[in-house]
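Please open the model in a viewer and keep the selection tool at hand. The tour below proceeds stop by stop, stating what to select and what is found there.

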Amino acid sequence: MLQQPFQSSFDLGNGRIVTIETGRLARQADGSVTVRQGNCILLATVCANKEPREGQDFFPLSVDYQEKFASAGRIPGSFFKREGRITDSEILISRLIDRALRPLFPEDYLCDVQVLVSLISSDPEIMPDALACLAASAALAVSNIPIKEVISEVRVARINGNFIVNPSRTELASADMDFMIGATAKNLMMVEGESKECLEADVVKALEIAHDAIRVQINAQEELRQKVGVEGKRDYTKPVTNDEIQQKVNDFATERVYAISKAGSSKYDRSKAYDELKKEVVAMLGEEATSEHVKLAKKYYEDLKWDVVRNMILDDRIRLDGRSLDQVRPLNMEIDVLPTPHGSALFTRGETQSLTTITFGTPLDELLVESAAKSDYTKFILHYNFPPFSTGEVKPMRGPGRREVGHGNLALRSLKQMMPGNDYAYTVRVVSDILESNGSSSMATVCAGSLALMDAGVPIPKHVSGVAMGLITRASDGKYAILTDILGDEDHLGDMDFKVTGTRDGICGIQMDIKIDGLSMETMMAALEQARHGRLHILDQMYDCMPAYRPEVKPHAPRMQKLFIDKEFIGAVIGPQGKIIQEIQRETGTTINIEEVGNQGEVSVFSPAKEGLDRAVSWIKGIVAMPEVGDEYDSKVKSVMPYGAFVEFMPGKQGLLHISEVSWKRLETLDGILKEGDAVRVKLIGIDHKTGKFKLSRKVLIPKPDFKQEDGGSNASN
């Protein structure tokens with residue numbers, strides 16, 4: 001147990017000091033550190049079992065990031081007033097840490113490892129997600145848990161043309177590129193982010209800047225580790241191996257695995273053939289084989305498939321389904337496939353299929369996204385569902401898991417770049433249901449989502465498509481193959497899996513996981529360029545299917561319009577005790593929401609019918625409009641007095657039509673001339689700016705009669 005705290009610090013630039021400390025908190029964990037920048041403090045702990053569980057055949061790593069509300073001086077808003085299940089945003093940060101850490105552990109290490117990262121003190125300007133992976137890696141670095149090397153992770157954003165490492169929350173709000181990059185001192189490990197149509201060269205530049213910053217953070221971790229005096233790594237029980245059984249499996253199955261892989265068959269036929277061969281491999285062992293032998297034979301068979309398929313692709317340039325390396329699978333797209341949703345699209349690429357729907361809502365349907373530092377509402381929502389039947393499996397339905405959250409977030413970040421601004425009235429929910437999956441269902445979600453948004457009439461200026469790329473390398477001879485539109489099997493056996501989304505003009509989103517050492521920037525650029533060609537190929541067919549968004553929403557879709565009015569008119573629209581706004585809603589069948597935004601009032605009008613929407617909007621515009629002398633109006637008599645009539649000539653605005661302004665003839669009374677409810681055309685002839693009263697006239701709109709002719713030349717009064 002550590003008896004005193006040790007510290008190591010580094011400068012992010014411009015005097016932004018980050019300090020890593022160990023030995024003061026959580027000292028019974030195998031490794032624990034705090035990472036501090038300003039008032040932002042993260043606590044990271046790591047614990048690992050000394051032995052793997054019996055029968056364990058995979059690496060059980062769990063990573064959880066959580067923000068304590070006390071860190072920002074807040075009480076959780078839940079019924080129980082305590083932190084519960086981690087939120088979607090915390091899941092996304094947990095995934096960023098997990099994806100970067102997982103390749104650090106030896107392939108034969110199967111002990112349970114738990115990494116916990118908590119935000120224990122919040123700074124409103126410092127983004128904790130950019131420090132979370134640094135904290136997790138540092139906790140591993142000061143422990144004796146066996147890892148191959150340490151890593152770190154940084155955010156790189158482009159703001160006003162300049163790349164900034166770990167920008168503040170305020171700076172990030174104006175960024176047109178936002179990428180999280182994880183790396184070792186030598187190699188990139190993970191990339192995820194979004195941009196407003198950046199170029200491939202911009203991505204490479206961001207990666208280079210990030211890697212330089214990450215090396216500084218790794219040096220700080222190594223320094224801390226030396227101060228602590230960590231001596232070596234713990235021994236661990238390695239899985240049982242049997243070279244004889246492995247050789248038997250290889251001799252028996254290599255040629256047949258190659259034949260199945262080269263056949264170019266469908267996923268179903270290929271899987272069936274692989275499974276039949278696996279049964280023969282087990283039978284080949286004979287009746288004397290133990291359960292342990294059978295288990296090893298199955299493992300070696302899967303390893304053999306991995307080697308054979310990779311070598312086939314590298315040497316023969318043949319893929320599992322017979323495509324060329326840069327070929328996209330057959331595409332099929334349909335829009336307006338469902339009658340009731342407000343927009344829908346069915347996108348099929350090979351054996352991957354997404355049915356995506358659009359639903360319009362009001363401001364009352366906005367989603368609250370809450371974290372320790374802030375609470376925001378978002379009006380663009382995307383949900384991704386991956387039911388078990390999409391892969392022909394039987395699994396319990398337990399709600400969305402981390403995979404669903406992560407895939408949905410990538411699609412949301414990509415499509416968000418083309419969504420209209422805050423003046424767009426609707427809350428928009430996109431739901432992608434994956435009906436078939438054999439590689440890159442998240443990219444199918446992007447394509448189907450773009451088509452469905454245009455089908456719904458959402459004014460997105462350009463289509464966004466996405467393609468999943470793969471990379472296979474062989475260190476012995478330097479060969480590599482870049483694969484466009486990878487299958488599920490190719491994802492499993494590849495050295496790099498990266499997804500790129502964008503328009504014809506640039507990249508909107510990236511998610512990349514790199515599993516090998518020594519990936520050059522030249523190879524990265526080649527992969528990004530091949531991804532661009534694949535993206536453009538898909539975009540061409542998307543534009544053939546849906547060239548542009550519908551000019552209007554569908555007839556059965558709700559109508560919505562947003563108005564911005566001067567702040568001083570908010571009370572006039574609402575009226576005393578809400579009388580006026582309630583009358584508008586009642587008379588037009590609409591729902592109206594008013595919010596004060598700065599010096600303006602934001603008025604959202606929602607209606608199931610266009611006629612009601614138009615009436616309500618016209619009504620509100622009338623209330624906030626400023627009458628001008630000389631304008632004419634169709635008015636309605638509200639009351640009749642001995643000296644004239646009060647008429648409503650604009651919504652919420654009444655003026656006096658004096659008895660002398662009703663007719664060119666002198667009238668003693670208005671009886672029989674005007675009554676309450678009559679429609680009358682009037683002209684505004686004056687405004688008393690002191691009292692705000694309006695003077696109206698009807699007679700000026702009537703031709704003046706020739707009284708001399710009518711009265712035989714007498715001087716009759718007007």
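Leaving aside its neighbours within four places in sequence, with which residues is methionine 333 in contact? Methionine 333 is in contact with Leu346, Phe347, Leu451, Ile538, Gln541, Met542 and Cys545, where contact means heavy atoms within 4.5 Å.

Before going on, please note that this is a predicted model, in which local features need pLDDT of at least 70 and side-chain atom pairs count only at pLDDT 80 or more, while totals for chains, interfaces and linings use all residues. Residues are numbered from 1 along each chain as its sequence is written, and side-chain values use heavy atoms, with hydrogens and water left out.

**First stop: methionine 333**

Keep methionine 333 selected; its place is in strand 11. Helices (H or I, at least four residues) and strands (E, at least two) are DSSP runs, numbered from the N terminus. Methionine 333 counts as buried because its relative accessibility is 14%; buried means under 20% relative accessible area, exposed over 50%, and partly exposed in between, with a 1.4 Å probe and protein chains only. Now add methionine 524 to the selection: the two methionines are 191 residues apart in sequence, and their C-alpha atoms are 30 Å apart in space.

**Second stop: helices 4 and 11**

Two packed helices are described by the angle between their axes and the distance between the axes. Select residues 200–228, which form helix 4, and residues 521–545, which form helix 11. Their axes come within 10 Å and cross at roughly 145°; axes are lines fitted to C-alpha atoms, for helices over the stretch in contact, and angles run from 0 to 180 degrees between N-to-C directions. On the helix 4 side, the meeting residues are Glu200, Ala201, Val203, Val204, Leu207 and Glu208. Facing them in helix 11 are Met521, Met524, Met525, Leu528, Arg532 and Arg535. The residues of this contact divide into eight nonpolar, no polar and four charged. In this division, Ala, Val, Leu, Ile, Met, Phe, Trp, Tyr, Cys and Pro count as nonpolar, Asp, Glu, Lys and Arg as charged, and the others, Gly among them, as polar.

**Third stop: glycine 506 and glutamate 197**

Select glycine 506, in strand 21 (residues 506–514). With 3% relative accessibility, glycine 506 counts as buried. Apart from neighbours within four places in sequence, glycine 506 is in contact with Glu197, Cys198, Thr501 and Arg535.

Move next to glutamate 197, which lies in strand 10 (residues 188–198). Is glutamate 197 buried or exposed? Glutamate 197 is partly exposed, with a relative accessible area of 21%. Its phi is near 60°, a positive value in a residue other than glycine.

**Fourth stop: glutamate 192**

Remain in strand 10 and select glutamate 192. Glutamate 192 is buried, its relative accessible area being 6%. Not counting residues up to four places away in sequence, glutamate 192 touches Leu96, Arg99, Asp178, Phe179, Met180, Asn409, Arg413, Ile510 and Gln511. Glutamate 192 and glutamine 511 are 319 residues apart in sequence, yet 4.3 Å apart in space, C-alpha to C-alpha.

**Fifth stop: aromatic rings**

The structure holds ten aromatic pairs. Rings of Phe, Tyr and Trp (its six-membered ring) pair if their centres lie within 6.5 Å; planes under 30 degrees apart count as stacked, over 60 as edge-to-face and the rest as tilted. Select tyrosine 424 and tyrosine 426, which form a tilted pair at 5.6 Å centre to centre, with 55° between the planes. Both tyrosine 424 and tyrosine 426 are buried.

Then select Phe59, Phe105, Tyr109 and Tyr236, which ring pairs link into a cluster. Add lysine 238, which lies over the face of tyrosine 236 at 4.2 Å from the ring centre. A charge sits over a ring if NZ of Lys or CZ of Arg is within 6 Å of the ring centre and within 35 degrees of the ring normal.

**Last stop: lysine 305**

Which ring does the charged end of lysine 305 sit over? The charged end sits over the ring of tyrosine 274, 4.4 Å from its centre. Lysine 305 lies in helix 7 (residues 291–316) and is buried, with a relative accessible area of 17%. Beyond residues up to four places away in sequence, lysine 305 touches Val257 and Tyr274.
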